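Reader: I would like to go through this model step by step, with each answer argued from the coordinates. Could we begin once the structure is on the screen?

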Amino acid sequence: MAQRKKGQVQSSAVGEEAVAYTGAGTQPQQAGDAPGRPPHQDTHDQPRTSRCSSASAQWETVALTLQGGGALGAYQAGVYEGLFEAGIAPNWIAGISIGALNTALIAGNAPEHRVARLREFWETICQPAWSPPLPAFLEHALFNAGDAVRKTFTAFQAAGAVVEGQKGFFTPRFPPPLPNASGQPGKASYYDTTPLKATLERLCDFDRINSGEVRVSLGAVNVGTGNFVYFDTTTTRLRPEHFIASGALPPGFAAVEIDGEYYWDGGLMSNTPLYEVIQTTPRRDTLAFQVDLWSARGPVPDNITDVQGRMKDIQYSSRTRLVTDMLQRSQRFRHVLREVLDRVSPEHRHDSWVELADELSCSKMYNVIHLIYRQKEYEGHFKDFQFGTTTMREHWSSGLQDIRATLEQPGWLDKPDNDSGFVTHDIHRDARGHGSGPK
């Protein structure tokens, strides 16, 4: 295969992608490297690890914001592996739904163990709850037997998740709930997530999560009030229930009781935790890696099955675009106001309107790096609950490739030099020729 060019996303077969997936925080060999030679490095003056860690050090906050998306969440694990190998250490992680579970794995382990714990989690939950998994060679063969076979096979795996659940994650309630039968709110669902609690307790250190080493925020919806809330380590001691509540999507999963209140999946109201990070006060210079699992762009569907999938894409991705555009506009106003105030003469500094303007102004800088999962041709509307191992590894590899390609772009981690103090970058948008400057 040809060596990957700067700014391009490498395309490779699943068997080759598995090489990247087994990196475990090390620098895996790239396509085009001869056997026995050192792994490919950037052609910049510094190795990527040194260059990226130095660039990220200029920011007060380095945030990782993780969207919900079920089985697609392995893409986020790949992105994190790429950040780790580049020496970028987020000091704030905000997650919703599956993003909250990945957050637990990252914040709940020492940096050198995080990739391994993420891998153990995903290898576990991508197995059937009760049935023995297919032999690896057979699953690999079916996955690569052609588009028609692949679509049928992945649909079969999604059906398996519906029928028997996933190991260490969720299992069907038996007997299944009757539609009008009243009972406890914590059991009003088709599936039981008790196995997930045991998995999180086994793989995560909750004392570390609450230590303040990394700030953690989890989005959820209060079922009784309908209000969107964030559980945050600056105000709350987080337990497994908080992470499970963030991913309790009804009617599949039941509301989770926390301190007498019941909570559902935060994606019901907002699937994008970026707003929580950017709008927080006091404001800080912030580099945010926004990892989305649903792409706003996609083909217009021509059948009912594809309509269902496209609905999910639009429903769960549109808020990301809305939030980013809104944050950029508001920050531009604050930034311009700050520049104007710097030109106000000293004798007017104590004018009440000037003092109010000073409170509203802001000179802080924001850089949002978008990593957006791109749907594969074979994926259907069930992609968020298709937990096949081979598919998971492909998602993981896609995330790793995307973040590597992103970090190769010169200047993308720098502070913006524009009148808004806000910039966004997206490797896929740049590849389409739309540029990488302010949106």
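**Strands, core and pockets**

Author: Strand 9 (residues 286-292) and strand 10 pair in the parallel sense, and seven bridges connect them. The model is a predicted one, and the answers below should be read with that in mind.

Reader: Which residue of strand 10 stands opposite valine 291?

Author: The pairing of strand 9 with strand 10 is parallel and runs over seven bridges. Within strand 10, the residue that stands opposite valine 291 is leucine 371.

Reader: Which residue of strand 11 stands opposite isoleucine 369?

Author: Strand 10 also pairs in the parallel sense with strand 11 (residues 422-426), here over five bridges. In strand 11, the residue opposite isoleucine 369 is histidine 425.

Reader: Is strand 10 largely enclosed or open, and how many of its residues are buried?

Author: In a regular strand, side chains alternate between the two faces of the sheet. In strand 10, Tyr366, Val368, His370 and Ile372 point one way while Asn367, Ile369 and Leu371 point the other, and all of them are buried. Strand 10 is therefore largely enclosed by the rest of the structure, the count of buried residues being seven of seven.

Reader: Which helix gives the largest share of the largest nonpolar core?

Author: In soluble globular proteins, nonpolar side chains tend to be buried together. The largest nonpolar core here has 70 residues, of which Trp122, Leu200, Phe243 and Phe289 touch the most other members. Its largest share, seven residues, comes from helix 4 (residues 98-107).

Reader: How many residues does the other core, the one including Leu274 and Leu327, have?

Author: This other core lies apart from the largest nonpolar core, and it also includes Tyr366 and Val368. Those two residues belong to strand 10, where they point the same way and are buried. The number of residues in this other core is twelve.

Reader: Which residues of helix 4 does phenylalanine 243 contact, when neighbours within four places in sequence are left aside?

Author: Helix 4 is mostly covered, with ten of its ten residues buried, and those buried residues include Ala100, Leu101, Thr103 and Ala104. Among the contacts of phenylalanine 243 are Leu200, Phe206, Ile209, Val216, Leu218 and Leu238. From helix 4, its contacts are Ala100, Leu101, Thr103 and Ala104.

Reader: Which helix supplies the largest share of the lining of the largest pocket?

Author: The largest pocket has a volume of about 790 Å³, and of its 33 lining residues, Gly70, Leu249, Phe253, Asp384 and Phe385 lie nearest its centre. By class, the lining has 19 nonpolar, eleven polar and three charged residues. Helix 4, helix 7 (147-164) and helix 12 (304-341) each supply at least two lining residues, and the largest share, five residues, comes from helix 12.

Reader: How many charged residues are in the lining of the second largest pocket?

Author: The second largest pocket has a volume of about 620 Å³ and is lined by 27 residues, with Pro299, Gln375, Lys376, Glu377 and Glu379 nearest its centre. Helix 12 gives the largest share of this lining, five residues. The lining divides into eight nonpolar and seven polar residues, and the number of charged residues is twelve.

Reader: Is glutamine 157 buried or exposed?

Author: Glutamine 157 has its place in helix 7. Leaving aside neighbours within four places in sequence, glutamine 157 is in contact with Glu139, Gln386, Gly388, Thr389 and Thr391. Its relative accessible area is 15%, and since the cut-off for a buried residue is under 20%, glutamine 157 counts as buried.

Reader: Where is the proline that a cis peptide bond joins to threonine 281?

Author: Most peptide bonds are trans. The bond between threonine 281 and proline 282 is cis, with omega about -5 degrees. Proline 282 is found in the loop between helix 11 (274-278) and strand 9.

Reader: What is the relative accessible area of serine 97, whose phi is positive?

Author: Most residues other than glycine have a negative phi. Serine 97 instead has a phi near 60 degrees, and it lies in the loop between strand 2 (92-96) and helix 4. Serine 97 is buried, and its relative accessible area is 11%.

Note on methods:
Residues are numbered from 1 along each chain as its sequence is written. This is a predicted model: local features need pLDDT of at least 70, side-chain atom pairs count only at pLDDT 80 or more; totals for chains, interfaces and linings use all residues. Side-chain values use heavy atoms; hydrogens and water are left out. A nonpolar core is a set of buried Ala, Val, Leu, Ile, Met, Phe, Trp, Tyr and Cys residues joined through side-chain atoms within 4.5 Å. Buried means under 20% relative accessible area, exposed over 50%, partly exposed in between (1.4 Å probe, protein chains only). Helices (H or I, at least four residues) and strands (E, at least two) are DSSP runs, numbered from the N terminus. Contact means heavy atoms within 4.5 Å. Two strands pair if DSSP finds at least two bridges between them. On a 1 Å grid over the protein atoms alone, a cavity is a set of points where a 1.4 Å probe fits but cannot get out, and a pocket is an open set with protein on both sides within 12 Å along at least five of seven lines; lining residues have an atom within 4 Å of a point. Grid points are joined across faces, edges and corners, and a volume is the space filled by probe spheres set on the points. Ala, Val, Leu, Ile, Met, Phe, Trp, Tyr, Cys and Pro count as nonpolar, Asp, Glu, Lys and Arg as charged, and the others, Gly among them, as polar.
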